[in-house]
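The following explanation leads a new reader through one structure. Please keep the sequence and the three-dimensional view at hand while reading.

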Amino acid sequence: MATTSKQEIILTTCPKDCYDSCGIAVIKENGAITRVRGDLNNPINRGALCGKCAVGYNGVIRDPKARLNTPLKRVGAKGEGKFEPISWDEAIDTIASRLKGIVADKGPEGIVYAHYTGTMSKIGYSFPTRFFNRLGAVEVEPDTVCNMAANVSLDYTLGTAQVGFDPRTVKDANCVVVWGGNPSHSGPHMHKHWFQEAPGTKIVIDPVRHATAEKADLHLQLRPGTDGALAFAMLHVLRRENLIDRKFVGSHVLGWDEIEPMLDACTPEWGESITDVPAAQIEEAARIYGSGPSLLLMGQGLQRTYFGGNAYRACVALAAATGNYGKPGAGTLFINTDGKIRGMDGDYVTAPQLRRTPRKAVSHMDVAGLLESPDNYDAFLCYNINPVASNPEQTRLRRALTRDNLFTVVVELFQTDTADYADIVLPAAGFLEYDDLVTGYFNLTVGPQSKAMEPIGESLPNQEIFRRLARAMGYEEPELYEDDRSIIDYLLKDTSFNGTFEDLQKMGTHFVTDEPVIQFPDLKFPTPSGKIELYSEQAEKDGFPRVPQPLYDERSKQGYVRLITPASDWLMNDTFGNDPRIIQELGAATVAVNPRDAKRLGLREGDDAKLSNETGELVLKVKVSEQVRPGVVLSHKGRWLKNERGRANVNVLNPGHKSDMGESSAVHGIEVAIAPMR
Ligand SMILES: Nc1nc2c(c(=O)[nH]1)N[C@H]1C(S)=C(S)[C@@H](COP(=O)(O)OP(=O)(O)OC[C@H]3O[C@@H](n4cnc5c(=O)[nH]c(N)nc54)[C@H](O)[C@@H]3O)O[C@H]1N2
Ligand SMILES: Nc1nc2c(c(=O)[nH]1)N[C@H]1C(S)=C(S)[C@@H](COP(=O)(O)OP(=O)(O)OC[C@H]3O[C@@H](n4cnc5c(=O)[nH]c(N)nc54)[C@H](O)[C@@H]3O)O[C@H]1N2
Ligand SMILES: [Mo]
């Protein structure tokens, strides 16, 4: 690894919740990190880091003044942000004695915990779950703030949400569709390399003309929430033009016979009347897709709507009707997290056998309301998540977190808006500070996370914090104390990587196979019938339609527009929202408005506009832009409340409505009124 006696390069992997999972090179001179940059040999990011990580990994993440250095206890009012340093022993003992008291009084149901993808490295993400499984606390279902609708929908239809096409098979695809996703922000290297270099025809389906849409051959700029109708209009065209793969459908698909009679009414002209996409474009997109083999990437934005689960089922119907599975260049993708493909036991790190009672979970959409009442929970524990910034019902959640008899613990790298409400804050170590493994959720990779520096201050990796808590609780199960290296070795042993963790660290990112993996190669789907279940008995039992439907949202009420709040290119969810250079790059929070709407509403470039609805109000700077279609306004997620002039971000407008499936977030379905402040 050493290039000179003084310079050292350590290879590691970005563990952020991003499609790219970049290879990173940490440059050290005389034992100190001088630069964090992309790994030149990494085929995904080819030596580069995206703007946000290039800044943040050389900025706040390594800045001891920005990071939490010691455990803290609150000395001011909840939310005020006044804390005093305490020792680890005092912090851990305080938490353990409160938790024991609650368990004795209410049982473990009196404790609720929330976590998500602040880090996605295997141990840092999953090990704390061992502790909570043993404790028996109520889990806020992590995916409900992000993509539970897609998970549920694909479980019905394909029998798994976790198996997508291998991105490397793009070389064999005649057509690539990105439907309700924005790689130019949410996977910058996927946008730059995978998408732009794809040899096939590129189609983007999105209400926003983002940079990926700009690079597409065809952009269908549909009205939000009309995806099910668009898919059915495309199916109508496919059938009319004899592009249905009858043989495939006959052998591998359930429920096509129930969908087909619905298609008569779903003409392209009908599609246009619902989606606002010109009929000719619907026809063109269907013909190109139907010419296959075709890849269909179902973005996460697509399912953050009222009929998001149905939209995913309808997308699978397109792939199924055209026989786009089981061959090179074909398939659908939501996320590639399947453990079997990588040879990794998915349950190992979370150790579900530690549970003494069945798992209890609630939706993020209900958290603010549930925390309000003293009848529910006496303690709220958070790690890898910043719900005050990212959850719905922001004002209500903040109020709930000021409840006196709610004991709140936040494990964090930084003093976030959520940490301001904690009774005890615990400092977590960052990804450069401990060894771990990272698996991509787009590319089929396993990468090393390598310790490149000592933890900042007294910070500790999540797993060590929860080992200490387990000890203070008096737990005896050995799983609660397993060391990191033992977990890494266990996870690596059945992968296709032939070597030790040290070998992986020398190599950087490992792909699970040399050649692209074919999605569902034997056309056996892990559903009850073994077929693609467009008709799903389970879905029907759960109260959903038997098959996907041509569903769509109504148009906005008079005086309202649809507010879309997707991923920002300069932020990683809320991460980096406190980096001074990134704050500078971001500038003031804006709302993009189509010129026609701007004129109609009397909004001018640079004006302050007030957005309001039943949940809250927020002032944003107007950007007049053709990027958004009429009836839609756009403002990116992830700002830190304490850095905003109104001490709030877009989630102050988010009522927390649920999508059709999985009690998941319908955050792209927010309706707001918007008016100039003049
Ligand atoms: N309006 C609107 N809101 C949204 C969305 C939207 O589209 N629009 N998207 C939603 C989606 S998809 C998601 S996934 C959520 C994400 O929302 P969050 O999960 O809240 O966001 P992150 O920034 O990923 O991570 C949260 C925190 O984890 C911390 N962290 C990082 N590494 C570690 C670690 O090793 N240990 C510990 N203890 N903490 C660590 C970071 O410092 C960060 O503050 O937001 C949701 N909110
Ligand atoms: N830079 C950066 N990268 C990120 C993140 C980040 O915050 N910043 N977040 C990460 C996380 S946690 C996630 S889950 C992913 C999310 O990544 P994406 O899948 O890209 O999801 P979103 O950012 O929510 O939105 C994507 C697109 O959905 C579109 N959309 C909204 N409503 C509709 C609709 O009704 N129909 C259709 N067809 N499209 C619609 C939006 O206009 C937007 O362009 O990105 C990850 N990567
Ligand atoms: Mo997400």
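In which loop is Asn 384 found? In this predicted model, Asn 384 sits in the loop between strand S15 (379–383) and helix H16 (387–390). Its backbone carries a positive phi of about 60°, although Asn 384 is not a glycine. As general background, most residues other than glycine have a negative phi, and most peptide bonds are trans. With a relative accessibility of 12%, Asn 384 counts as buried, because the limit for a buried residue is under 20% relative accessible area.

Arg 46 offers a second case of a positive phi in a residue that is not a glycine, here about 50°. Arg 46 belongs to the loop between strand S3 (32–38) and helix H1 (51–56). Its relative accessible area is 43%, so Arg 46 is partly exposed.

A further backbone feature appears at Gly 292 and Pro 293, which are joined by a cis peptide bond with omega about -5°. Pro 293 lies in the loop that runs between helix H12 (279–291) and strand S12 (294–298).

Strand S15 also borders the loop that holds Asp 378, whose other neighbour is helix H15 (367–372). Is Asp 378 buried or exposed? Asp 378 has a relative accessibility of 15% and therefore counts as buried. The side chain of Asp 378 makes a polar contact of 2.9 Å with the side chain of Lys 106.

The next element to consider is strand S19 (residues 445–449), which is mostly covered, with 5 of its 5 residues buried. In a regular strand the side chains alternate between the two faces of the sheet. In S19, Thr 445, Gly 447 and Gln 449 are on one side and Val 446 and Pro 448 on the other, and all of these residues are buried, which leaves both faces covered.

Two strands pair with S19. Strand S18 (residues 436–439) runs antiparallel to S19 and is joined to it by 4 bridges. Within this pairing, Leu 437 stands opposite Pro 448. The connection from S18 to S19 is a hairpin through 5 residues. Strand S20 (residues 510–511) is likewise antiparallel to S19, and 2 bridges join them. Here Thr 445 has Phe 511 of S20 as its bridge partner.

Attention now turns to a barrel. It is closed by 6 strands in the order S22-S26-S23-S25-S24-S27, and the pairing is mixed. On average, neighbouring strands of this sheet are turned by 45° against each other, direction ignored. One of the pairings is that of strand S22 (residues 561–564) with strand S27 (residues 670–676); these two run antiparallel and are joined by 3 bridges. In this pairing, Val 561 stands opposite Val 672 of S27.

The model also holds ligands. What surrounds ligand 1? Its shell consists of 30 residues, and the closest are Ser 390, Glu 412, Asp 574, Thr 575 and Asn 651. By class, this shell divides into 13 nonpolar, 12 polar and 5 charged residues. Oxygen atoms of ligand 1 take part in contacts with two side chains: a polar side-chain atom of Glu 412 lies 2.5 Å from an oxygen atom of the ligand, and a polar side-chain atom of Asn 573 lies 3.1 Å from an oxygen atom of the ligand. A nitrogen atom of ligand 1 is 2.8 Å from a polar side-chain atom of Asn 651. Taken alone, ligand 1 exposes 910 Å², of which the protein buries 97%.

Around ligand 2 there are 34 residues, the closest being Asp 206, Gln 300, Arg 304, Leu 571 and Asn 573. Asn 573 therefore links the two descriptions, because one of its polar side-chain atoms lies 3.1 Å from an oxygen atom of ligand 1 and a residue counts as near a molecule if one of its heavy atoms lies within 4 Å of it. The shell of ligand 2 has 14 nonpolar, 14 polar and 6 charged residues. An oxygen atom of ligand 2 is 2.9 Å from an N or O atom in the side chain of Ser 186, and an oxygen atom of the ligand is 2.8 Å from an N or O atom in the side chain of His 668. The backbone contributes as well: a polar backbone atom of Gly 301 is 3.3 Å from an oxygen atom of ligand 2. On its own, ligand 2 has 920 Å² of accessible area, and the protein covers 99% of it.

Key: Residues are numbered from 1 along each chain as its sequence is written. Chains are lettered from A and ligands numbered from 1 in the order in which they are written. This is a predicted model: local features need pLDDT of at least 70, side-chain atom pairs count only at pLDDT 80 or more; totals for chains, interfaces and linings use all residues. Side-chain values use heavy atoms; hydrogens and water are left out. Two strands pair if DSSP finds at least two bridges between them. Axes are lines fitted to C-alpha atoms, for helices over the stretch in contact, and angles run from 0 to 180 degrees between N-to-C directions. A polar contact is a pair of N or O atoms within 3.5 Å; within protein, one must be able to donate a hydrogen and the other to accept it, and residues adjacent in sequence count only if both atoms are side-chain atoms. Accessible areas come from the Shrake-Rupley method with a 1.4 Å probe; for residues, only the protein chains shown count as cover. Ala, Val, Leu, Ile, Met, Phe, Trp, Tyr, Cys and Pro count as nonpolar, Asp, Glu, Lys and Arg as charged, and the others, Gly among them, as polar. Buried means under 20% relative accessible area, exposed over 50%, partly exposed in between (1.4 Å probe, protein chains only).
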